[in-house]
Amino acid sequence: MWDALSSGSWVTAARVRAVSAMVLAATILAMLLLFVTAHGTLDAMGRPLGTDFSDVWTAGWMANHGRAAAAWNWPDHYAVQQAIHHDAAVPFYGWHYPPPFLMLAALLARMPYVWALVVWQGVTLSLALGVVCRIAPRRGVPLAALGAPVVLICLGHGQNAFLTGALLGGGMLLLDRRPWLAGLLLGCLVYKPQFAVLIPVVLIAAGNWRAFLGAALAVSLLCGLTLALWGWPVWAAFIESLTITRTVVIEQGNTGWEKIQSAFSAIRMWGGPIPLAYAVQGFVTGAAILTAAFVARWGGMASRATAVLAAALLCTPYVLDYDFVVLGIAIAFMAADMRLRGALRWEATILASAWILPLFARQVTAVTLVPLELIAAIAVLALAARRAIALDGAPHPGGWLHRLPSLRDHPAAQ
């Protein structure tokens with residue numbers, strides 16, 4: 001059994017297809033039940049369909065009706081949500097995003113709520129799926145991608161992780177061949193900047209200045225458009241809202257510690273004080289950025305992309321389980337490279353575990369206080385660094401990486 005786990009021989013194509021098909025069937029059934037049992041824009045439990053999408057559509061509606069800056073005012077935002085859903089008891093979902101995302105929200109809010117939700121999830125899921133299929137152009141990949149448990153979680157929340165994954169994955173895929181376009185895609189992450197903290201460092205480490213300038217251009221254009229549309233008040237409102245977002249959402253964990261899979265959340269979940277949580281998060285963020293920069297400088301395309309996507313999840317104190325769509329795309333990069341150049345020991349088992357974890361990670365974390373998806377992101381980043389050293393010829397930094405099995409340890413190399 002131990003040999004099967006370390007070699008990954010138990011991860012067969014037939015098993016991947018079977019599990020993917022079962023999860024995909026459950027996803028389709030869950031979505032059908034959600035909409036069939038809905039009444040108006042609310043589900044059977046009285047929550048907005050797509051839950052988190054409620055704050056996006058509401059903010060867009062407010063922008064379209066001359067109240068853009070008020071979208072960051074929680075009482076005003078909630079009052080509009082209550083009116084939209086025709087229910088004073090509807091749960092509140094706050095709007096925390098920077099103004100560039102408001103432009104997309106305003107476009108979506110020009111459609112009826114339910115249709116906007118369907119279009120939003122359908123288009124962004126298609127974009128993420130397209131990126132995965134370009135990374136790993138094989139017949140079974142669409143099923144494995146659509147059957148990933150994190151897809152069900154993201155769809156249920158009406159969230160934006162498909163878009164985040166498509167931008168990050170697409171940017172890393174195009175970085176060598178079309179650096180300007182890659183930079184533009186990566187710059188669009190200004191809509192959710194906590195996942196772009198490492199991008200400037202990575203691009204500088206890789207020496208890709210065209211991508212760096214492309215990203216800077218995208219950020220400048222998007223921010224400039226928001227100023228042209230709504231002026232400085234939207235930025236002032238966003239900046240003012242950061243304090244309450246930090247206090248209520250991040251530090252107090254009102255979302256639920258089991259949902260937030262960050263180093264900061266882990267310390268708070270274990271009863272640690274806020275200063276300690278920030279210190280640990282700072283260490284993890286710094287280590288993740290340095291590791292991604294090392295792989296970006298010395299590793300091949302697949303190792304670099306895997307490292308950047310995994311590190312992006314580790315760099316923020318506020319990353320939820322649905323955001324691990326990004327880790328799914330990192331898995332696609334590494335799985336494609338494993339098929340091309342062979343697998344190292346433990347890679348298949350760790351990647352398969354990371355793929356299935358979102359199905360039960362929230363529940364397990366709530367009971368055991370073990371942040372499984374945080375551990376998975378760290379493990380995938382470590383695998384990317386090891387692969388860069390073992391296969392891409394990156395210089396060996398010594399330390400803990402020295403103790404990881406190398407290529408010669410794998411049965412395929414015997």
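**Legends: the overall fold and its cavity**

**View 1. The whole protein, in a predicted model.** For 414 residues, a compact globule would have a radius of gyration near 22 Å, and the protein comes in at 21 Å, so the two agree. Measure the C-alpha trace along its principal axes and you get spans of about 65 × 45 × 45 Å. As for secondary structure, it's helices here: 20 of them, with zero strands.

**View 2. Inside and outside of the protein.** Buried residues make up 53% of the 414 in the protein. On the outside, about 17,600 Å² is exposed, and 69% of that comes from carbon and sulfur atoms. Now for who touches whom: take the contacts with a separation of 6 or more, and 71% of them join residues 24 or more positions apart.

**View 3. The cavity.** How many cavities of 30 Å³ or more turn up in a search of the whole structure? Just one. The largest cavity holds about 50 Å³ of space. Its lining is made up of A148, V150, F324, L327, G328, I331, A354, W355 and P358.

**View 4. Helices around the cavity.** Two elements, α17 (325-341) and α18 (347-356), each give two or more residues to the lining of the largest cavity. Which element gives the most? That's α17, with three residues.

**View 5. Chemistry of the cavity wall.** Sort the lining of the largest cavity by class and you find eight nonpolar residues, one polar and no charged ones. Gly counts as polar in this scheme, so G328 is the polar one in the lining.

Definitions and conventions. Residues numbered from 1 in each chain as written. Predicted model: local features only at pLDDT ≥ 70, side-chain atom pairs only at ≥ 80, totals over all residues. Heavy atoms only, no water. 1 Å grid on protein atoms, 1.4 Å probe; cavity = no way out; pocket = protein on both sides within 12 Å on 5 of 7 lines; lining within 4 Å. Points joined across faces, edges and corners; volume = space filled by probe spheres on them. Helix = DSSP H or I, 4+ residues; strand = E, 2+ residues; numbered from the N terminus. Rg over C-alpha atoms; globule rule 2.2 N^0.38 Å. Buried < 20%, exposed > 50% of the residue type's maximum accessible area, 1.4 Å probe, protein only. Contact = heavy atoms within 4.5 Å. Areas by Shrake-Rupley, 256 points an atom, 1.4 Å probe, with all protein chains shown as cover.
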